[in-house]
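Thanks for asking me to look this over with you. Have the structure open while you read, and find each residue as it comes up.

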Amino acid sequence: VDVAHANATLAESAYDAISIRVPPTIAITEPTEASTTAEETPREDRSTFVVSVHCNESSHLGLLLDGSDEKVCMVTAIEDGLVQQLNKKSSPDSVVKPRHRLVCIDGNPGSSSELIAKVKSLKTTAALTFERPRVLRVAMSKDGEKLGLSLQANSSDVQIRALSDGLINNWNRVAPAGVMVKVGDRIVDVNGKSGTGSELKQEMEEANVLDLKLLSWNMNME
């Protein structure tokens, strides 16, 4: 089993997600072709899927995981191994992709470090539950106000580490349920631009009008 703590550069096309756009009017607009809105299908019905892997002493899972956030054990890449082989034979809604979150193993949830340790020690058949991220869109003008975000720049995104008073908390007070910005979300695009976490942070600091694309997972899922 090969597990790496990594944050590989990821193109948007490399993952599938439930897409929700919430502009300042707090309206939900049309989703992308490969996505759905929360109004169409309950999130729990579409966001998770289970993959069974048959491991032994010599198995190579080929699943690279990011354990930097103990609440989001995120897939960063799929290499040669059991998961890639399963992907080739699976239906589209059961394909493991980068940005998916490993939620539990054999029905047992855990922190990222706990899940990674279990993955490393797999020697028998195991059921891995993954969650697709939601893609949230948040648009606002700063006009001299602070965002109220503590951010960590990664290689291909910006991770939200803490929230404080500011525009994002103001947004959360009026946002519909299920689309509020929270700790653990990752900003992957700022004003139509992707790049390294440092580049995204710089754009957020310099621009007055912000259109943010974030990936979000259900932290209450067990």
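Here are my notes, point by point.

1. Before anything else, please keep in mind that this is a predicted model.

2. Let us start with valine 96. You will find valine 96 in the loop between helix H2 (82-89) and strand S5 (101-105). Is valine 96 buried or exposed? Its relative accessible area is 3%, and buried means under 20%, so valine 96 is buried.

3. Which residues does valine 96 touch, not counting residues up to four places away in sequence? They are Phe49, Val51, Leu63, Val75, Ile78, Val83, Asn87 and Phe130. Try showing these side chains together with valine 96, as several of them return below. For a sense of distance, the C-alpha atoms of valine 96 and alanine 77 are separated by 9.5 Å, and these two residues are 19 residues apart along the chain.

4. Two of those neighbours deserve a point of their own. The count of aromatic pairs comes to 1. In this pair, the ring centres of phenylalanine 49 and phenylalanine 130 are 5.8 Å apart and the planes are at 25 degrees. Planes under 30 degrees apart count as stacked, so this pair is stacked.

5. Where do the two rings sit in the chain? Phenylalanine 49 lies in strand S2 (residues 48-54), while phenylalanine 130 lies in strand S7 (residues 125-131). The pair therefore ties together parts that are 81 residues apart in sequence. Phenylalanine 49 counts as buried at 6% relative accessibility, and phenylalanine 130 is buried as well, with a relative accessible area of 0%.

6. Now turn to helix H2. Its buried residues are Leu82, Val83 and Asn87. They cover an arc of only 140 degrees around the axis, which puts them on the same side of H2. On the other side of H2, Lys88 and Lys89 are exposed. What do the buried residues of H2 pack against? Their partners are S2, strand S3 (63-69) and strand S4 (72-78). Remember that Val83 and Asn87 are also among the residues that valine 96 touches.

7. Finally, have a look at asparagine 172, which has its place in helix H4 (residues 167-174). Asparagine 172 counts as buried at 10% relative accessibility. Leaving out residues up to four places away in sequence, asparagine 172 touches Leu163, Met180 and Val181.

Definitions and conventions
Residues are numbered from 1 along each chain as its sequence is written. This is a predicted model: local features need pLDDT of at least 70, side-chain atom pairs count only at pLDDT 80 or more; totals for chains, interfaces and linings use all residues. Side-chain values use heavy atoms; hydrogens and water are left out. Helices (H or I, at least four residues) and strands (E, at least two) are DSSP runs, numbered from the N terminus. Buried means under 20% relative accessible area, exposed over 50%, partly exposed in between (1.4 Å probe, protein chains only). Contact means heavy atoms within 4.5 Å. Rings of Phe, Tyr and Trp (its six-membered ring) pair if their centres lie within 6.5 Å; planes under 30 degrees apart count as stacked, over 60 as edge-to-face and the rest as tilted. The arc is that of the directions from the helix axis to the C-beta atoms.
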